[in-house]
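Reader: I should like to learn how the overall form of a protein chain and the burial of a single helix are read from a model. May we work through one case?

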Amino acid sequence: MEISKTTIGIAAGVAGTLFLGYCIYFDHKRRKDPDFKKKLRERRKATKAVSTAGGPRTTMPNMADHEEVQDFSSREIQMGEALISSGDIENGVEHLANAVIVCNQPAQLLQVLQQTLPAQVFTLLINRMRQ
């Protein structure tokens, strides 16, 4: 028993129509849900809040307090490394630059970062610090 091309075409057309109907039905059901608009507004508000947080991202420590400077530097290094490893290189470089700027021994920190970071990322860090 051989299946003809016409039969396959008809079956594909019917399957496509059923899938499209399925999508339309559940989209209609989702939109009629009373919480849909509320959830959509909350999601848009959260996205907007994240995107408009472009002000000063990091508050610099009191440079007279040695312990506060060390804590800040450690946090910035950890945050920078975490962001770079997750793929957010630009923000990671910004945090690493903050750490180098407030560090007591920036030359030593730069040597360590040069050995541990990929060359492109280290170049971005140097360029970021020049700005």
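Author: The radius of gyration is taken here over C-alpha atoms, and the globule rule is 2.2 Å times the number of residues to the power 0.38. The model is predicted. A compact globule of 131 residues would have a radius of gyration near 14 Å, whereas this protein chain has 27 Å. Along its principal axes, the C-alpha trace spans about 80 × 45 × 25 Å.

Reader: Which elements make up the secondary structure of the protein chain?

Author: There are 6 helices and 0 strands. Of the 131 residues, 21% count as buried, where buried means under 20% relative accessible area. The accessible surface comes to about 10400 Å², and 58% of that belongs to carbon and sulfur atoms.

Reader: How should one read the length of helix H4?

Author: One compares the expected span with the model. At 1.5 Å a residue, the 14 residues of H4 (residues 89–102) should span 20 Å, and the end C-alpha atoms are 20 Å apart, which agrees.

Reader: Is H4 enclosed or exposed, and what do its buried residues pack against?

Author: One counts the buried residues and then looks for their contacts. In H4, 10 of the 14 residues are buried, so the helix is largely enclosed by the rest of the structure. Among them are Val93, Leu96, Ala97 and Val100, together with Glu94 and His95. The buried residues of H4 pack against helix H3 (66–85), helix H5 (106–116) and helix H6 (119–130).

Conventions
Residues numbered from 1 in each chain as written. Predicted model: local features only at pLDDT ≥ 70, side-chain atom pairs only at ≥ 80, totals over all residues. Heavy atoms only, no water. Helix = DSSP H or I, 4+ residues; strand = E, 2+ residues; numbered from the N terminus. Buried < 20%, exposed > 50% of the residue type's maximum accessible area, 1.4 Å probe, protein only. Areas by Shrake-Rupley, 256 points an atom, 1.4 Å probe, with all protein chains shown as cover. Expected span 1.5 Å × (residues − 1). Contact = heavy atoms within 4.5 Å.
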